[in-house]
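This briefing goes through one structure by topic, for use alongside the sequence and the 3D view. Pocket, aromatic pairs, charged pairs, cysteines and a helix are taken in turn.

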Amino acid sequence: MAVVEKVIEAPARQVWAVLADGWTYSDWVVGTAHMRNVDDDWPRVGTRLYHRAGPWPFSLEDCSTVLACEPERRLVLRVQLWPAGEAVVVFTLEPVGPDTTRVLLAEDFAAGPLRWIRTKINDLVLHLRNEETLDRLSDIARRQKSQQ
């Protein structure tokens, strides 16, 4: 399991606001090229994001489903990108001050070829991808904080 941590200079409620806005995922999740649809009750358990990932014209369409949701604390997703496979992604938010939040992003392949061909190179690429994802999440959360 790949785990990445970042301290974001924004309160947990503001970081959560970005996670809870499914339409922003293509802005900060590395590899997501386009949001096709977001269920109305996102991020309630069982709701889905419909996305396209990868470069055009080779992009794949699939969806991500909420497995668990604790507002301002934890969001667990099953991310599908078949035929590559599926992953379980966990975002955990830990307030470390009134305007600072530690975000942990844990990701593990759950099914498909990516799970079977796991290597140290894949783990390194996944780690770097998730670091960039948290950097982008931080930028959006901090920007939204300054606009309030």
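Rings of Phe, Tyr and Trp count as a pair if their centres lie within 6.5 Å, with the six-membered ring used for Trp. Planes over 60 degrees apart make a pair edge-to-face. With that in hand, Tyr25, Trp28, Trp42 and Phe91 form one aromatic cluster. The model is predicted. Its largest pocket has a volume of about 720 Å³, and a search of the whole structure turns up twelve salt bridges, three aromatic pairs and zero disulfides.

**Aromatic cluster**

- A pair of aromatic rings is described by the distance of the centres and the angle of the planes.
- Three aromatic pairs are found in the whole structure. One of them joins Tyr25 and Trp42, whose ring centres are 5.8 Å apart and whose planes stand at 90°, so this pair is edge-to-face.
- Tyr25 belongs to helix H2 (residues 25–28), while Trp42 sits in the loop between E2 and E3; the pair links distant parts of the chain, 17 residues apart.
- Both Tyr25 and Trp42 are buried.
- Trp28 and Phe91 also make an edge-to-face pair, at 5.7 Å centre to centre with 70° between the planes.
- Because Trp28 lies in helix H2 and Phe91 in strand E6, this second contact ties together parts that are 63 residues apart in sequence.
- Trp28 has a relative accessible area of 0% and is buried; Phe91, at 4%, is buried as well.
- Trp28 also has a distant part of the chain beside it: its C-alpha atom and that of Glu132 are separated by 8.4 Å, though the two residues are 104 apart along the chain.

**Largest pocket**

- The volume of the largest pocket is about 720 Å³. There are 33 lining residues, and the closest to the pocket centre are Val30, Val79, Leu81, Glu107 and Arg129.
- By residue type, the lining consists of 20 nonpolar, ten polar and three charged residues.
- Six strands and a helix each supply at least two lining residues: E2 (32–38), E3 (48–53), E4 (60–70), E5 (74–81), E6 (85–97), E7 (100–111) and helix H4 (120–147).
- Helix H4 gives the largest share of this lining, with six residues.

**Salt bridges**

- Twelve salt bridges are found in the whole structure. Among them is the contact between the side chains of Arg102 and Glu5, at 2.9 Å from N to O.
- Arg102 lies in strand E7 and Glu5 in strand E1 (residues 2–8), so this salt bridge ties together parts that are 97 residues apart in sequence.
- Arg102 has a relative accessible area of 25%, which makes it partly exposed.
- Arg44 and Asp41 are joined by another salt bridge, 3.3 Å from N to O. Arg44 is partly exposed at 46%, and Asp41 is partly exposed at 45%.
- A further salt bridge, at 3.5 Å from N to O, joins the side chains of Arg74 and Glu70. Arg74 has a relative accessibility of 31% and counts as partly exposed; for Glu70 the relative accessible area is 31%, also partly exposed.
- Shared partners join Glu5, Glu94 and Arg102 into one salt-bridge network.

**Cysteines**

- The structure holds zero disulfides.
- Cys63 counts as buried, at 7% relative accessibility.
- Cys69 has a relative accessible area of 25% and is partly exposed.

**Helix H1**

- Helix H1 spans residues 12–19, and six of its eight residues are buried, so the helix is largely enclosed by the rest of the structure.
- The buried residues in H1 are Ala12, Gln14, Val15, Trp16, Val18 and Leu19.
- Buried here means under 20% relative accessible area.

How values were computed. Residues are numbered from 1 along each chain as its sequence is written. This is a predicted model: local features need pLDDT of at least 70, side-chain atom pairs count only at pLDDT 80 or more; totals for chains, interfaces and linings use all residues. Side-chain values use heavy atoms; hydrogens and water are left out. On a 1 Å grid over the protein atoms alone, a cavity is a set of points where a 1.4 Å probe fits but cannot get out, and a pocket is an open set with protein on both sides within 12 Å along at least five of seven lines; lining residues have an atom within 4 Å of a point. Grid points are joined across faces, edges and corners, and a volume is the space filled by probe spheres set on the points. Helices (H or I, at least four residues) and strands (E, at least two) are DSSP runs, numbered from the N terminus. Ala, Val, Leu, Ile, Met, Phe, Trp, Tyr, Cys and Pro count as nonpolar, Asp, Glu, Lys and Arg as charged, and the others, Gly among them, as polar. A disulfide is a pair of cysteine sulfur atoms within 2.5 Å. Buried means under 20% relative accessible area, exposed over 50%, partly exposed in between (1.4 Å probe, protein chains only). A salt bridge is a side-chain nitrogen of Lys or Arg within 4 Å of a carboxyl oxygen of Asp or Glu. Rings of Phe, Tyr and Trp (its six-membered ring) pair if their centres lie within 6.5 Å; planes under 30 degrees apart count as stacked, over 60 as edge-to-face and the rest as tilted.
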